[in-house]
Amino acid sequence: MRPARAVIDLSALVHNARVARQHSPEQMMAVVKADAYGHGLIPCVTALQDEVDAFAVAFTEEAARLIDAGLTRKPIVLLEGFLDAAELPFIAEQQLVCVVHSAWQIAALARLSSQQPVVVWLKVDTGMHRLGFQPEQVLAVWQQLAALPQVRLLGLSTHFARADEPECPVTLQQLQAILALQKQLNTSLSLANSAALLSTSAAAGNWTRPGIMLYGANPFPSANRLTESLEPVMTLESKIIGVQTLAAGQAVGYGGHYVTSAPTRLGIVAMGYADGYPRQAKNGTPVTVDGQPAQLVGRVAMDMLTVDITHLPEAGVGSRVELWGKQVSVDTVAQQADTIGYQLLCNLKRVPLSYC
Ligand SMILES: *Cc1c(COP(=O)(O)O)cnc(C)c1O
């Protein structure tokens, strides 16, 4: 069997959920969209059931996976609500919680005849300019929804655009906009993603929505910002399947993009961009080989990549390589590939997941 795999540490997931819980003054919904950020929806939700008050997914098909698995003990929130009115009977029957962000959704709710009310968060666009009603529309929209017997309103939600930049004043402006509405409606608030929840307790609201921190990755782009002891949940690993011993001046891999400057031993690793390891990762991106620091050299190919093991004479075919995990932070790899840990985690594919 090919040695590439992702090992998911569910006890680290639970640990991180408890850290998020400490920052959540009231309720907390664990964000498990995109297959729990690549960690596997069903095992992650099973592990978190006793730790959280609800689970949040992006859309109905993701919720249906939880329903099919019988994981319905905690409410399931659809962060984008329904994308088609045809989903509404299922949503009502299954008591999925909907974020309502657009007038067309209200019109669809008004047409629904249902025994069970649809439970709704009203989404306010306080500055992200993605989904939500403008603050000046909210009172009228709230009254519209409140007048529908088939709707039960939970409160107001919003999403911060720049919470990962703790010095940025935009978050405070967004917070003030939603607090002004809350004063008039006297209702619950759901505001905080991981970055907001870790940077300012003022932004927590009644229902927090941590995602990335549950998986032990850093929501802040500057890796040293994180003070909490989050534990990486995913370890992406493989093995060396071949060794090359090269003289100085030899070009390595596609494009001859890396040239040895001295006699070099290279390990060829069974891991490539078809597995979700980023092709953009630069020469020098850290890995560990049998637990020792080493570096990526040359271009990442579809199924393989190359690491320099000149300084590790014991290493060779069969040596274990960690691409990210407990020893190599996914955030560091992301920086080396001009992206964020979020994207690397949820881009994982082809490699089997195993759980411990
Ligand atoms: C994805 C998402 C979150 C979680 O964000 P993290 O940065 O992963 O904590 C919270 N709220 C909404 C609306 C989201 O789409």
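**Pocket, ligand shell and cavity**

By class, the lining of the largest pocket comprises 20 nonpolar, eight polar and eight charged residues. The model examined here is a predicted one, and in it this pocket has a volume of about 850 Å³. Its lining is made up of 36 residues, of which Lys33, Arg130, His159, Asn193 and Tyr342 lie nearest the centre of the pocket. Several helices take part in the lining, in that helix H2 (33–38), helix H9 (194–199), helix H10 (330–336) and helix H11 (341–346) each supply at least two residues to the largest pocket.

The largest pocket is also the space taken by the ligand. Around the ligand lies a shell formed by Val31, Lys33, Tyr37, Leu79, His159, Asn193, Ser194, Arg209, Pro210, Gly211, Ile212 and Tyr342, and the residues of this shell divide into six nonpolar, four polar and two charged. Lys33, His159, Asn193 and Tyr342 thus appear in the shell of the ligand and are likewise among the residues that lie nearest the centre of the largest pocket.

Polar side-chain atoms approach the ligand at several residues of the shell. In the case of Ser194, an N or O atom of the side chain is 2.5 Å from an oxygen atom of the ligand, while a polar side-chain atom of Lys33 lies 2.6 Å from an oxygen atom of the ligand. For His159, the side chain places an N or O atom 3.5 Å from a nitrogen atom of the ligand. Of the 390 Å² of accessible area that the ligand has on its own, 91% is covered by the protein.

Apart from the pocket, the structure holds one cavity of 30 Å³ or more, and about 60 Å³ of space lies in the largest cavity. The lining of the largest cavity is formed by Met29, Val77, Leu79, Val99, Trp121, Lys123, Ser157, Thr158, Ser190 and Arg209, and by class these residues divide into five nonpolar, three polar and two charged. Leu79 and Arg209, which help to line the largest cavity, are also found among the residues that surround the ligand.

Notes:
Residues numbered from 1 in each chain as written. Predicted model: local features only at pLDDT ≥ 70, side-chain atom pairs only at ≥ 80, totals over all residues. Heavy atoms only, no water. Near = heavy atom within 4 Å. Polar contact = N/O pair within 3.5 Å; in protein donor to acceptor, adjacent residues only side chain to side chain. Areas by Shrake-Rupley, 256 points an atom, 1.4 Å probe, with all protein chains shown as cover. 1 Å grid on protein atoms, 1.4 Å probe; cavity = no way out; pocket = protein on both sides within 12 Å on 5 of 7 lines; lining within 4 Å. Sits in = over half its atoms within 2 Å of the grid points. Nonpolar A, V, L, I, M, F, W, Y, C, P; charged D, E, K, R; others polar. Points joined across faces, edges and corners; volume = space filled by probe spheres on them. Helix = DSSP H or I, 4+ residues; strand = E, 2+ residues; numbered from the N terminus.
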